[in-house]
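Biologist: I'd like to learn how to read a model like this one. Could you take me through it feature by feature?

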Amino acid sequence: MFKNPSFLFDMICTAVWLVLILRYARKGFLASVVQLSGNLVSLLGAHQLSGACAGWVFENLLAGGFRTQIAASISAGGVVDLSGIAEKYAGFLPAGFRASVVAACERSIGAVLADNAVVLADTIVEKVLQPLLTPVITLVLFFLFYALLRLLVSMLVTVLGLVNKLPVIGTVNRWLGWITGGMTALLDIYMVLCVVWGIIVITGGNLNVLNDSVLGGSLYYKLFNVFNPFL
């Protein structure tokens with residue numbers, strides 16, 4: 001049992017959860033409520049902001065350079081290798097994912113194969129690179145926005161933690177903190193699983209100790225996949 005990676009992963013998650021419960025409970029009820037609410041707002045806000053900004057980031061910061069490089073390559077060589085382009089610019093993504101996007105593009109790109117290199121490069125960027133890289137940009141922005149929002153929440157929680165020093169009110173505040181602390185800690189575990197899932201996707205499941213096969217039996221990972229915000 002203890003040699004089963006999924007079981008060990010669940011044990012680690014449980015241990016982290018208990019430690020976090022203790023940490024949040026010490027802050028008290030008011031601070032834990034704000035922490036829990038703030039974490040939920042951070043999670044939802046990061047999800048919405050990352051989804052809204054990912055397309056803008058790709059189009060304004062990456063697409064122009066891709067179009068120029070691909071058009072120059074087509075003009076020089078005269079050959080369109082969609083698989084090679086996908087591997088060059090998104091080779092860190094799983095091969096199966098790249099192949100599915102390339103196959104979908106090949107079915108719709110025939111109409112522009114006889115057109116000039118600039119038009120063809122624009123089509124490749126839109127049909128191949130954008131579907132490949134936008135999810136990755138979304139994932140990165142999600143964690144960035146979440147970290148920034150959590151920082152703001154932590155500042156408020158620090159102030160509310162002073163309530164524990166008040167007589168009577170402080171005692172009640174500390175005891176009720178165990179309840180909200182448990183829920184807040186569970187949300188933190190959820191964020192850890194988001195990171196784990198992100199690593200698995202970006203590495204294409206090629207890590208021996210961190211892939212879908214290894215974690216397939218994990219209760220935490222199964223529950224996370226039911227509520228995966230990226231799917």
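Modeller: Let's go from the overall layout to helices, burial, salt bridges, a surface patch and a pocket.

Modeller: First, some ground rules: this is a predicted model, where local features need pLDDT of at least 70, side-chain atom pairs count only at pLDDT 80 or more, and totals for chains, interfaces and linings use all residues. Residues are numbered from 1 along each chain as its sequence is written, and side-chain values use heavy atoms, with hydrogens and water left out.

Biologist: Fine. How many helices and strands does the protein have?

Modeller: Helices (H or I, at least four residues) and strands (E, at least two) are DSSP runs, numbered from the N terminus. Here that gives 7 helices and 0 strands, so reading from the N terminus you get α-α-α-α-α-α-α.

Biologist: What span should helix α1 have, going by its residues?

Modeller: The expected span is 1.5 Å times one less than the number of residues. Helix α1 covers residues 5-27, which makes 23 residues and an expected 33 Å. Its end C-alpha atoms are 33 Å apart, so the two agree. Right after α1 comes Gly28, with a positive phi near 100°.

Biologist: Which residues of α1 are buried?

Modeller: Buried means under 20% relative accessible area, exposed means over 50%, and partly exposed is in between (1.4 Å probe, protein chains only). In α1 the buried residues are Ser6, Phe9, Asp10, Cys13, Leu20, Ile21, Tyr24 and Ala25. Across the protein, 40% of the 231 residues count as buried.

Biologist: Now charges. How many salt bridges does a search of the whole structure find?

Modeller: You look for a side-chain nitrogen of Lys or Arg within 4 Å of a carboxyl oxygen of Asp or Glu. The search turns up 3 salt bridges. Take Arg67: it pairs with Glu59, closest N and O atoms 3.0 Å apart, and also with Asp122, where the closest N and O atoms are 2.5 Å apart. That second pair links distant parts of the chain, since Arg67 sits in helix α2 and Asp122 in helix α5 (residues 117-160), 55 residues apart. Put together, Glu59, Arg67 and Asp122 are linked in a network.

Biologist: And the accessibility of those three?

Modeller: Glu59 is partly exposed at 37%, Arg67 is partly exposed at 23%, and Asp122 is partly exposed at 30%.

Biologist: Which residue does Asp188 form a salt bridge with?

Modeller: Its partner is Arg150, with the closest N and O atoms 3.2 Å apart. This pair also links distant parts of the chain: Asp188 belongs to helix α6 and Arg150 to helix α5, 38 residues apart. Asp188 counts as buried because its relative accessibility is 9%, and Arg150 counts as buried at 17%.

Biologist: How do I see residues far apart in sequence that come together in space?

Modeller: Compare the gap along the chain with the C-alpha distance. Thr138 and Ala52 are 86 residues apart along the chain, yet their C-alpha atoms are separated by 8.6 Å. Thr138 lies in helix α5 and is buried, with a relative accessible area of 17%. Likewise, Leu62 and Leu133 are 71 residues apart in sequence and 9.7 Å apart, C-alpha to C-alpha.

Biologist: Which residues make the nonpolar surface patch?

Modeller: Patches use residues with over 30% relative accessible area and no salt bridge; like charges are joined within 9 Å, and nonpolar side chains (Val, Leu, Ile, Met, Phe, Trp, Tyr) within 5 Å. Areas come from the Shrake-Rupley method with a 1.4 Å probe, and for residues only the protein chains shown count as cover. The patch here is Trp56, Leu61 and Leu62, about 330 Å². Leu61, in helix α2 (residues 29-77), is exposed at 58%. Leu62 is also found in α2 and is partly exposed at 33%.

Biologist: Last one: how much space lies in the largest pocket?

Modeller: Rolling a probe the size of a water molecule over the atoms shows where empty space is left. On a 1 Å grid over the protein atoms alone, a pocket is an open set of points where a 1.4 Å probe fits, with protein on both sides within 12 Å along at least five of seven lines; lining residues have an atom within 4 Å of a point. Points are joined across faces, edges and corners, and the volume is the space filled by probe spheres set on them. The largest pocket holds about 330 Å³. Of its 14 lining residues, the closest to the centre are Leu186, Leu187, Tyr190, Leu223 and Phe227. Elements giving two or more residues to the lining are α2, α6 (169-202) and α7 (219-226), and α6 gives the most, with 6 residues.
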